[in-house]
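The following exercises are to be worked with the sequence and the coordinates at hand. Each task is followed by a solution in steps.

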Amino acid sequence: MKVHRQHQPIYLSTQKLRLSFSSYLKSDFIKFAAVGVIGTLLNLVIMAAMVEVFTVSHLYASAIATEISIIHNFLLNNYWTFGARNHNGSLLRRFVHFNTLSLGTLVVNVYVSLFFADAGTHYLLAQSSGILSAFAINYLVNNYLIFSNEEGGAKQERAGKTRLDIPA
């Protein structure tokens, strides 16, 4: 089949777009978001079980579900999302910093969740709102501080690894 000359730029643009999209899907931001989605689902399942099955109060269930998802998210982010980096500091140090940041955003999460729940929003939707409210802060701090490179930046990685950075 003969390709008309006028269609070649569209084909080349589509090919470039596919390559760019493929690189983007491998980016740390997408991986971080995927870990967050999995952690959110874990958080909501634990919260629902605690509230519905074990009749734990919304406040305690939210805090416990969030801490369990924090541990889960640290492990996936350390070994998968940011695993290609030459990390600054020990695993324990990164975990303490990650948990401290996450506990700080836990406060945001719980209060946003309680705010919406007190306003009559279903507790799982309220919890989802709390989780989403902390996402941007978590990504920025994790990307540029906690999982930064030994040289102090998020852009360099081990030899042979490439990644797409979201511009600052």
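**Exercise 1. The packing of helix α2**

Which elements are included in what covers the buried residues of α2?

Solution. The model is a predicted one, and its confidence in this helix can be stated at the outset: α2 has the highest mean pLDDT in the protein chain, at 95.

Step 1. List the residues to be covered. The buried residues of α2 are Asp 28, Phe 32, Val 35, Gly 36, Gly 39, Thr 40, Asn 43, Leu 44, Ile 46, Met 47 and Met 50.

Step 2. Consider the spacing along the helix. Residues three or four places apart in an α-helix point the same way, because there are 3.6 residues a turn.

Step 3. Identify the cover. It includes α3 and α5, the latter spanning residues 123-146.

Step 4. Check the helix geometry. From first C-alpha to last, the 26 residues of α2 reach 36 Å, which is close to the 38 Å expected at 1.5 Å a residue.

**Exercise 2. The salt bridge**

Determine how many salt bridges the structure holds, and state whether Asp 28 is buried or exposed.

Solution.

Step 1. The structure holds 1 salt bridge. Its partners are the side chains of Asp 28 and Arg 85, with an N to O distance of 2.8 Å.

Step 2. Place the partners in the chain. Asp 28 belongs to helix α2 (residues 28-53), while Arg 85 is in the loop between α3 (58-81) and α4 (91-118); the pair, 57 residues apart, links distant parts of the chain.

Step 3. Apply the accessibility cut-off, under 20% for a buried residue. Asp 28 has 3% relative accessibility and therefore counts as buried. Arg 85, at 0%, likewise counts as buried.

**Exercise 3. The turn after α2 and the patch on α3**

What is the sign of phi at Thr 55, and which residues form a nonpolar patch on the surface?

Solution.

Step 1. Phi of Thr 55 is positive, near 50 degrees, in a residue other than glycine. Most residues other than glycine have a negative phi.

Step 2. Thr 55 lies in the loop between α2 and α3. Its relative accessible area is 65%, so Thr 55 is exposed.

Step 3. The patch is formed by Leu 59, Tyr 60, Ile 64 and Ile 68, with about 380 Å² of accessible area together. Tyr 60 is in helix α3, as is Ile 64.

Step 4. Classify these two residues. Tyr 60 has a relative accessible area of 56% and is therefore exposed; Ile 64, at 37%, counts as partly exposed.

Step 5. Relate the patch to α2. The C-alpha atoms of Ile 64 and Met 50 are separated by 9.1 Å, with their positions 14 residues apart along the chain.

**Exercise 4. Arg 94 and helix α4**

Is Arg 94 buried or exposed, and which residues does Arg 94 touch beyond four places in sequence?

Solution.

Step 1. Arg 94 is located in helix α4. Its relative accessible area is 7%, so Arg 94 is buried.

Step 2. Leaving out residues up to four places away in sequence, Arg 94 touches Phe 74, Asn 78, His 87, Asn 88, Gly 89, Ile 146 and Phe 147.

Step 3. Extend the view to the helix. Buried residues of α4 include Arg 94, Phe 98, Leu 101, Thr 105, Leu 106 and Val 110, and their cover includes α3 and α5.

Step 4. The 28 residues of α4 reach 39 Å from first C-alpha to last, close to the expected 40 Å. Just after α4, Gly 120 has a positive phi of about 100 degrees.

**Exercise 5. The whole chain and its confidence**

How many helices and strands does the protein chain have, and where is confidence lowest?

Solution.

Step 1. The protein chain has 5 helices and 0 strands. Of its 168 residues, 33% count as buried.

Step 2. Among contacts with a separation of 6 or more, 71% are between residues 24 or more positions apart.

Step 3. The mean pLDDT of the chain is 80, and 73% of its residues reach 70 or more. Confidence is lowest in helix α1 (residues 8-25), at a mean of 53.

Step 4. Residues 7-12 stay under 50 in pLDDT and have 2 contacts beyond four places in sequence. Residues 156-168 are also below 50, yet this stretch has 31 contacts beyond near neighbours in sequence.

Step 5. Where pLDDT is low, the predicted coordinates should not be read in detail.

Note on methods. Residues are numbered from 1 along each chain as its sequence is written. Side-chain values use heavy atoms; hydrogens and water are left out. A salt bridge is a side-chain nitrogen of Lys or Arg within 4 Å of a carboxyl oxygen of Asp or Glu. Helices (H or I, at least four residues) and strands (E, at least two) are DSSP runs, numbered from the N terminus. Buried means under 20% relative accessible area, exposed over 50%, partly exposed in between (1.4 Å probe, protein chains only). pLDDT is the predictor's confidence in each residue, from 0 to 100. Contact means heavy atoms within 4.5 Å. The expected span of a helix is 1.5 Å times one less than its number of residues. Patches are made of residues with over 30% relative accessible area and no salt bridge: like charges are joined within 9 Å, nonpolar side chains (Val, Leu, Ile, Met, Phe, Trp, Tyr) within 5 Å. Accessible areas come from the Shrake-Rupley method with a 1.4 Å probe; for residues, only the protein chains shown count as cover.
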